[in-house]
Amino acid sequence: MTEANRTSNAYVSTVQLGELATGQALTAPIYTFKGSDSAAPSVYIQANVHGAEVQGNAVIHQLMTLLEGHQILGDIHCVPLANPLGINQKSGEFTLGRFDPITGVNWNREYFEHAAIVADIPNWYQANKALSNNELFAAFRVLLAQSCQQRLNNSWGISTGHQLAVTLQSMAHQADIVLDLHTGPKSAKHLYCPEYDVASAAYFSIPYSLVIPNEFGGAMDEAAFYPWWQLQRFCARQGRHFDVPVAAFTLELASQERVDMADAELDAMGILAYLSHRGVIAEKVQPAPMKRWGCDLANYKKFHAPKAGLVEYCAEVGHPLKAGEPLVTLLRLDQYGTENAVTTISLPCDCVPVLHFASASVHQGTELYKVMTKVFEIS
């Protein structure tokens, strides 16, 4: 990481994420706001890991603009444009940067699990149990950073996507709060929130939350909180109790290939309300007044096209849909004149459609909708 010039109250630097085939360094900008209180939580925010998911960059811009007028207690590191390879992966007017074109792996499933560290927590804790909580957390943070560095220096090498992801992850491991900003194809705003931290969903300006298990599935939020949750759980069994030291969330900021600066300011205000709640800024910022709804990830259902055809997406994302109401209409012109030419499909249960496929032309088996079922209110 190299530091460059300073703009306004943010220090501007760059991080090298890899190299292009022609040898040039692949870099992303970092904007850092230095806090005045070393005891306050530190923050890492990234956006645009998927190439078409650009709205998070607008949210970071609006958040940094808002931060200029606040007293910042904890360090805040913002990394927009976090995946230059994905952002530049264009085909005609579309951005295809969801999957690494070399391996086909989702860019947001390339993070490192630290399986060896998690398995060794009992031995590591035995050697470090005399430390205070703050000392214990600092030592564990160093362990995670060293593990990332060892992974990056693997003598057999690692893939392009894994190189990029682990480099980002190594920066995230330095923070107490990690926010990963994404969007869906055609999507309502929703939040991925770990089970142990559901109450935090009440601060963001996002109406729907998916409550995810305290497990590792390859994404940045899980990579950030999972080893800490394992440490906290083990220590609790030893009679040593503390909250999970790291909070991590994925914010899905509506649809991809879209920039809306006014909407970005609303989401930036939601992030600011959460940072205020956590003591990252001195000022009190109240969360937006709205009802917030949750759904366990196990009840987040996918609907796949029963046959190929042209699709009319009837259900509006972010709006409750009653059982039996139209979800999609499938048009099959090859069957014109028969009862199979137009088929309207509904679901057998109440739900909230959260996102749907971007294209109106689909193969049989295409994932058309994701919907929340068994929805509950978050207070």
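## Sheet 9-18-20-14

Four strands make up an open sheet in the order 9-18-20-14, and their pairing is antiparallel. Its edges are strand 9 (186-187) and strand 14 (300-304). Each of these edge strands pairs on one side only. The model described here is a predicted one.

Strand 14 runs antiparallel to strand 20 (residues 367-372). The two are joined by 5 bridges. One residue pair can be picked out here: tyrosine 300 has methionine 372, in strand 20, as its bridge partner.

## Sheet 17-16-15-19

Another open sheet has 4 strands, ordered 17-16-15-19. Its pairing is antiparallel. Strand 17 and strand 19 (361-362) are the edge strands, each pairing on one side only. Strand 17 covers residues 342-346.

Strand 16 (residues 326-331) and strand 17 run antiparallel, with 5 bridges between them. Threonine 329 has a threonine as its bridge partner: threonine 344, in strand 17.

## A nonpolar surface patch

Valine 342 belongs to strand 17, an edge strand of the sheet. Val342 also contributes to a nonpolar patch on the surface. The other members are Leu310, Leu331 and Leu333. Together the four residues have about 350 Å² of accessible area.

## The hairpin of strands 2 and 3

Strand 2 (residues 10-19) and strand 3 (residues 25-33) run antiparallel. They are joined by 8 bridges. Threonine 14 stands opposite proline 29, which lies in strand 3.

The hairpin has 5 residues between the strands. Glycine 23 takes a positive phi there, near 100°.

## Helix 4 and its two partners

Two packed helices are described by the angle between their axes and by the distance between the axes. Helix 4 (residues 121-128) packs with helix 5 (residues 133-152) at an angle of about 135°. Their axes are 11 Å apart. Angles over 145 degrees would count as roughly antiparallel, and 65 to 115 as roughly perpendicular. Helix 4 and helix 5 are therefore oblique to each other. Their crossing is right-handed.

Helix 4 also packs with helix 7 (residues 220-237). Here the angle is about 65°, and the axes lie 11 Å apart. That makes helix 4 roughly perpendicular to helix 7. Helix 4 passes helix 7 in a right-handed crossing.

## Helix 8: packing and a salt bridge

Helix 1 (residues 55-67) packs with helix 8 (residues 261-277) at about 60°. The axes of helix 1 and helix 8 are 8 Å apart. At this angle, helix 1 is oblique to helix 8. Their crossing is right-handed.

Helix 8 also takes part in a salt bridge, through aspartate 267. The structure holds 11 salt bridges. In one of them, the side chains of aspartate 267 and lysine 189 meet at 3.0 Å, N to O. Aspartate 267 lies in helix 8, while lysine 189 lies in the loop between strand 9 and strand 10 (190-194), so the pair ties together parts that are 78 residues apart in sequence. Strand 9, at one end of that loop, is an edge strand of the sheet ordered 9-18-20-14.

Note on methods
Residues numbered from 1 in each chain as written. Predicted model: local features only at pLDDT ≥ 70, side-chain atom pairs only at ≥ 80, totals over all residues. Heavy atoms only, no water. Patch = residues over 30% accessible without salt bridge, like charges linked within 9 Å, V, L, I, M, F, W, Y side chains within 5 Å. Areas by Shrake-Rupley, 256 points an atom, 1.4 Å probe, with all protein chains shown as cover. Pairing = 2+ DSSP bridges. Axes fitted to C-alpha atoms, helices over the stretch in contact; angles between N-to-C directions. Parallel < 35°, antiparallel > 145°, perpendicular 65-115°, else oblique. Left-handed = near helix turned anticlockwise from the far one by under 90°.
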